[in-house]
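User: Could you take a close look at how the helices pack here, and at the loop residue that sits beside one of those contacts? Keep it chatty, but give me the cut-offs as you go.

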Amino acid sequence: MAQTPGTERPGTERTNTQNDIRLAMADSSVVMLGIAVLGLGLGVVLSAHHMPFWTAPLISSLVYAGSVEFLMVGMISGGASIASIALTVFLVNARHLVYGLSYPLHRIKGFWAKLFAIHTLCDEAFALNSGPDRNERSGARILWVNALIYVSWVLSVILGYVLGASFLSDLKGVDFVMAALFTVLAMDGYRTNPDRVAALFVAISATVALIFAPSSFLVVALGSYVVLLLARFPIAKRRGTLPHRTVYGEVAESSDTTTTADAPASTQR
């Protein structure tokens, strides 16, 4: 007997939910391990800066901005203003403004479900859910990927705080973990794409901030760096000196290659 459209057999919905959870676990299992390691580090750093315990679940669950949370610990401990912290979070996470161009939010139904998906959207969740199959993924699977990564982060930060307060309280140099992490990331980034002009801009921005606004060093440095990059782009584009790994350069190179490949054989030399 044919099944009436719009109806499902008993247990089908439960089976679909279980399948979505299983697929989400397969998608995010490796990412959850990496997130957990970073979360443990953040918890230890919070403890090393003598922040109260409640800051671990509060910052990790409400801010949920990855590297920015490490920056916030130092800024809060140093007495930075709320405006400076908010501006820093915005500058570092401004890339999230364009995530909506390819993130499959339309697959998720319901206001609160969409709100949760937006709040728990991080780089890792975006990468997993915005692939070539994004329009075939169910809303439940997308939400479970976000939720698993989110819970992994929050729990690992809390565990890191407990470990830091219990076993690592006498360990020296823990508060330098954040600076060491970003130093290594910057070195790796430069080795991958040795852009001397960008490195010069970093040095100029840091010097200007250190001289003129040491109390708001991070905000002024980041703001100056963004301004220099925005001023550089049209000049470098006009001169043809854009870094070879920029998105603009890759698109232009791809277009040139496609045009050459599609041109008649008689015009190719």
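Analyst: The crossing of α4 and α10 is left-handed, meaning that the near helix is turned anticlockwise from the far one by less than a right angle (clockwise would be right-handed). Keep in mind that this is a predicted model, where local features need pLDDT of at least 70 and side-chain atom pairs count only at pLDDT 80 or more, while totals for chains, interfaces and linings use all residues. Numbering starts from 1 along each chain as its sequence is written, and side-chain values use heavy atoms, with hydrogens and water left out.

Back to that pair: α4 (residues 82-92) and α10 (residues 217-239) pack at about 35°, their axes 9 Å apart. Those axes are lines fitted to C-alpha atoms over the stretch in contact, with angles running from 0 to 180 degrees between N-to-C directions. On the α4 side the contact uses S84, L87, T88, L91 and V92, and on the α10 side L218, V219, L222 and G223, where contact means heavy atoms within 4.5 Å. Sort these residues and you get six nonpolar, three polar and no charged; Ala, Val, Leu, Ile, Met, Phe, Trp, Tyr, Cys and Pro count as nonpolar, Asp, Glu, Lys and Arg as charged, and the others, Gly among them, as polar.

Helices are what this chain is built from: it has eleven of them and zero strands, counting DSSP runs (H or I, at least four residues, for helices; E, at least two, for strands) numbered from the N terminus.

Now for α2 and α7. Their axes come within 9 Å and cross at roughly 155°. That makes the two roughly antiparallel, a label for angles over 145 degrees (under 35 is roughly parallel, 65 to 115 roughly perpendicular, the rest oblique). Here the crossing is right-handed. From α2 come A56, P57, S60 and S61, and from α7 come Y150, W153, V154, V157, I158 and Y161. That set splits into eight nonpolar, two polar and no charged. An α-helix has 3.6 residues a turn, so residues three or four places apart point the same way. Within α2, the buried residues are T55, A56, I59, S60 and S61, buried being under 20% relative accessible area (exposed is over 50%, partly exposed in between, with a 1.4 Å probe and protein chains only).

Right after α2 comes Y64, in the loop between α2 (55-63) and α3 (67-77). Its phi is near 45°, a positive value in a residue other than glycine. Y64 counts as buried because its relative accessibility is 8%. Leaving aside residues up to four places away in sequence, Y64 touches a long list, including H119, C122, N146, Y150 and W153. The C-alpha atoms of Y64 and C122 lie 8.0 Å apart, although 58 residues separate them along the chain.

H50 makes a handy counterpart. It sits in the loop between α1 (12-48) and α2 and, though not a glycine, also has a positive phi, of about 60°. H50 counts as exposed, since its relative accessibility is 73%.

One last stop on α7 (residues 139-166) is S156. At 6% relative accessible area, S156 is buried. Its side chain reaches the backbone oxygen of W153 at 2.8 Å, and S156 also touches I35, A36, G39 and L40, residues up to four places away not counted.

Conventions. A polar contact is a pair of N or O atoms within 3.5 Å; within protein, one must be able to donate a hydrogen and the other to accept it, and residues adjacent in sequence count only if both atoms are side-chain atoms.
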